[in-house]
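Student: Could you take me through one part of this structure closely, namely the salt bridges, and then connect what they show to the helices around which the rest of the description turns?

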Amino acid sequence: MAEVRLLADEPDVRRAARGALRHLRPHRRILVLAIMGTIASTASLVAIAPVVGRGVDAVLAHDRTALWVSVALLVVVVLARLLLLRWSEVVLARAGEQIVHDLRDLVVERLASAPLRFVEAHRTGDLLRRATGEIADLSLFIREQLPNLLGLALTVVLTTAVLIVYSPLLSLVLVLLFLPAAVGVIRWFNASAKVVFGRQAAADAAMTATFTETLAAGEALVVAGRPGEWVNRFRRDNDELLRASNATIGAQNRLELFNLLEGLATAVLLLLSVWLARAGHLGVGTVVVFVLATRNLFDGMMGLSRLVGELQTAKVGLARLADLLGATEAAQTAEAAETAEAARTAEAAHAAEAAGTAGTARAALPPRGELVANGVRFGYAEGDDVLRGVSVRFPAGDRAGLVGSTGSGKTTLAKLLCGLYQPDAGLVTFGGVDLRTVPAAEIRRRIVLVPQQVHIITGTLAENLALAPGEPDRAAMERAVEALGLTEWVAGLSGGLDASVGSRGELLSAGERQLVGLVRAALVDPPVLLLDEATADLDPAVARRLETAVERIRPGRTLIVIAHRQSTIDRLPRRVRLASGLIVAGDVAGVVAGVVDEPGFSVPGQPQNGHVTTDRS
């Protein structure tokens, strides 16, 4: 079967930075500009200590001119620091927001075009967390923490350079005494950070997923008198998030040892500087510079230590986001490869059938044709096939019912027939054309599925009808409503086509949601229409009227109905029965090319027999 790359709960953060570079390239100019401003701002901060030291030497030397020059330089440096810092933060924040904006667009675009199998393999809450929460966290980090991170890192580097220039001896003492301890603290933090920050992100996503799913099922839980089930499930995930958060806090607290290191370093360096100054090896100005610079150094290191946790959180979020982008890209690539291979196979077959006829010319669906599943095999997991070698034909103008017990695979077969899934083996063709070789948009114009659960967006009835392929206008909506005999229903809504349907269609009944799905199908007016229990929530009279109206829209339409209601099944001249993923022959013999007809049904040119296939829907 075509493998679906599942998202990792705790993806490798080491590759996150490398993967992010490709998304930064379009913004490299403004990023370079912001970084240059940050470097200039940090250099102004580091320059304050030498300027103060120069002023101290001027005071000791009673050099009034040098003192005023130092004061003027100090004013210039401080003003430059303030202006450059503000400017660089604004530029960097704008660059970050633009990057995040583009990432949001990219994530939504990838998820919208991802294969249905990929989307259905993951919890909605996890996808929601990655597509919104992780990006929001990244935006916050770029806007608030990244400027500090760059400034503090540069402060440490430039201050170290100043220390070396003013006193290599004191710098050597600082390195020998405190650098090993600082490295040890950082290594101790990193030893647990890679685990605890990933665990916290995974626990947060799990809690979000549970909340989203149980909120959607809130009505069912309340009706069943079991709202406590929601509370208990959420509480378990929330408790796990608390444990993960506490572990993260424990790891971050290790960085507080920098406070102890700073105090020890300042005391030792101050004593040593005074001794060297009294011995005449250092000037007082140099001591002042060294004390101030050392303070800047440890302030920078302390700031960096506090931001390390934020950085680790951002890296984990970036890794989870990169994992989503990589997985969706891989899924699209795999699907494109399958489509290209199918196109090459079809082209070769067409070339063999008729010399001089280009295969690609045949890769367009005809206006009408026979819909065929030939030897179709499909599974949602490796080694667990739902459909196993299903072959069935639906001639143009056919009216057939897909019947079978719950879980037999009716919905899965319907999704294969309309191209939402690609079979792991076998072919689905329309008019002799392999659906894998045809763009999805063209398939949607020829074969339309009205699902069992019609999805409604927050907005008006017209905005929901506009989701039909082809961007129908208002006049088309009104014609479709009239053709289906629903004018009175729409007029009864407050606002008609402009009536609000509420959040996710909460103002519509279950039956009215089905009506929206049927009107969407009528707007497309396809040659093949599949109804997956589309009339299940309608009363029998309305269901019969709508089924008749759907057929009246386009004479000769192929109508395939998944149904459990006996009255619906009885109105169909032919039935295809599914059971256990295999075609099961009826009581009357006559299996032809893997197609079996049940008594009372017929396939053109074949004796009446039984028809059976499977699906886990």
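Tutor: A salt bridge is counted here where a side-chain nitrogen of Lys or Arg lies within 4 Å of a carboxyl oxygen of Asp or Glu. The model is a predicted one, and a search of the whole structure under that criterion finds seven salt bridges.

Consider the pair R574 and D398, whose side chains meet in a salt bridge with 2.3 Å from N to O. R574 lies in strand β11 (residues 574-578), whereas D398 sits in the loop between β2 (384-394) and β3 (399-404), so the pair ties together parts that are 176 residues apart in sequence. As for burial, the cut-off is under 20% relative accessible area; R574 counts as buried because its relative accessibility is 2%, and D398 counts as buried because its value is 11%. The surroundings of D398 can be listed as well: leaving aside neighbours within four places in sequence, D398 is in contact with R393, R557, T558, L559 and R574. The salt-bridge partner R574 is thus one of the residues in that list.

A second pair is R199 and E240, whose side chains form a salt bridge at 3.2 Å from N to O. This pair links distant parts of the chain, with R199 in helix α6 (residues 168-216) and E240 in helix α8 (residues 227-253), 41 residues apart. Partly exposed residues fall between the buried limit of 20% and the exposed limit of 50%, and R199 belongs to that class because its relative accessible area is 28%. E240 is likewise partly exposed, with a relative accessible area of 27%.

A third pair joins D385 and R377, with the closest N and O atoms 3.4 Å apart. D385 counts as partly exposed because its relative accessibility is 22%, and R377 is partly exposed with a relative accessible area of 28%. For comparison, the buried pair discussed above has R574 at 2% and D398 at 11%. Salt bridges that share partners also occur, and they join R199, E240 and R243 into one network.

Turning from charged pairs to helix packing, helix α14 (residues 474-483) and helix α16 (residues 510-524) pack at an angle of about 115°, with their axes 9 Å apart. The two helices, α14 and α16, are therefore roughly perpendicular to each other, and α14 passes α16 in a right-handed crossing. On the α14 side the contact is made by A476, M477, A480 and V481, while α16 contributes V519, A522 and L523. Sorted by class, this contact of α14 with α16 has seven nonpolar residues, no polar residues and no charged residues.

Helix α11 (residues 410-417) offers a further case of burial, being mostly covered, with eight of its eight residues buried. Those buried residues are K410, T411, T412, L413, A414, K415, L416 and L417, a list that includes the lysines K410 and K415. After α11 comes G419, whose phi is positive, near 80°.

Key
Residues numbered from 1 in each chain as written. Predicted model: local features only at pLDDT ≥ 70, side-chain atom pairs only at ≥ 80, totals over all residues. Heavy atoms only, no water. Helix = DSSP H or I, 4+ residues; strand = E, 2+ residues; numbered from the N terminus. Buried < 20%, exposed > 50% of the residue type's maximum accessible area, 1.4 Å probe, protein only. Contact = heavy atoms within 4.5 Å. Axes fitted to C-alpha atoms, helices over the stretch in contact; angles between N-to-C directions. Parallel < 35°, antiparallel > 145°, perpendicular 65-115°, else oblique. Left-handed = near helix turned anticlockwise from the far one by under 90°. Nonpolar A, V, L, I, M, F, W, Y, C, P; charged D, E, K, R; others polar.
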